Amino acid sequence: MAFLVCKPVLILVRRRDWRGLDQIPPSGGVVLAANHVSHVDPLLIAEMVLAQGRTPAFLAKSSLFGEGIVGRWFRAAGHVEVDRSHGGDGFGAALTALRGGARDCPEFG
């Protein structure tokens with residue numbers, strides 16, 4: 001659902017200049033580390049990953065999961081809640097999500 005809402009806006013506001021996509025394996029768990037500088041960057045990263053036929057799961061600070069519709073959407077989308085006050089727990093949450101299996105999504109390819 002978020003993809004249907006966000007995609008038209010992203011097409012209007014971004015310049016598609018994706019590099020290194022051959023480094024993303026077609027299946028299995030993978031970690032993409034991005035240092036985003038704006039609130040739009042995760043949407044742009046998600047668009048890039050979806051275009052590769054993969055479904056992203058983001059690590060997100062736990063406070064976002066308590067925000068009404070945003071929290072429900074994050075849970076439904078399979079994003080991973082990280083309590084940043086517990087340091088290493090975030091790493092554990094990432095490993096658990098990564099080991100949880102591939103999230104391939106060929107319909108977005």
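**Notebook: aromatic cluster, Glu-47, Thr-55 and confidence**

I began with Phe-74 in this predicted model, and I noted that its relative accessibility is 13%, so that Phe-74 counts as buried, the limit being under 20%. I then looked up its ring neighbours, and found that Trp-73 and Phe-74 form an edge-to-face aromatic pair, with 5.2 Å from centre to centre and 65 degrees between the planes.

I next searched the whole structure for aromatic pairs, and the search returned two. Phe-65 and Phe-74 make up one of them, with ring centres 5.5 Å apart and planes at 80 degrees, and I entered this pair as edge-to-face because the angle is over 60 degrees. I wrote down Phe-65, Trp-73 and Phe-74 as one aromatic cluster.

Within that cluster I also checked accessibility for the other two members. Phe-65 has a relative accessible area of 5% and is buried, whereas Trp-73, with a relative accessible area of 38%, is partly exposed.

I turned then to Glu-47, which I located in helix 2. Is Glu-47 buried or exposed? I recorded a relative accessible area of 3% for Glu-47, which is therefore buried. Leaving aside residues up to four places away in sequence, I listed what Glu-47 touches, and the list holds Lys-7, Leu-10, Arg-14 and Trp-18. Of these, I noted that Lys-7 and Leu-10 carry numbers that fall in helix 1, which spans residues 2-13.

My following entry concerns Thr-55, which I placed in the loop that runs between helix 2 (41-51) and strand 1 (59-61). Its relative accessibility came out at 26%, so I entered Thr-55 as partly exposed. I also looked up the separation of Thr-55 and Gly-78, which are 23 residues apart in sequence, and I found 9.6 Å between them in space, taken from C-alpha to C-alpha.

Last, I went through the confidence values. I noted an average pLDDT of 77 for the chain, with 83% of the residues scoring at least 70. Among the elements of the chain, helix 3 (residues 62-65) has the highest mean pLDDT, at 86, while helix 1 (residues 2-13) has the lowest, at 70.

Where does pLDDT stay under 50? I found this over residues 104-109, and for that stretch I noted that the model has 16 contacts beyond four places in sequence. I added a caution to the page, that predicted coordinates should not be read in detail where pLDDT is low.

Key
Residues are numbered from 1 along each chain as its sequence is written. This is a predicted model: local features need pLDDT of at least 70, side-chain atom pairs count only at pLDDT 80 or more; totals for chains, interfaces and linings use all residues. Side-chain values use heavy atoms; hydrogens and water are left out. pLDDT is the predictor's confidence in each residue, from 0 to 100. Helices (H or I, at least four residues) and strands (E, at least two) are DSSP runs, numbered from the N terminus. Contact means heavy atoms within 4.5 Å. Buried means under 20% relative accessible area, exposed over 50%, partly exposed in between (1.4 Å probe, protein chains only). Rings of Phe, Tyr and Trp (its six-membered ring) pair if their centres lie within 6.5 Å; planes under 30 degrees apart count as stacked, over 60 as edge-to-face and the rest as tilted.
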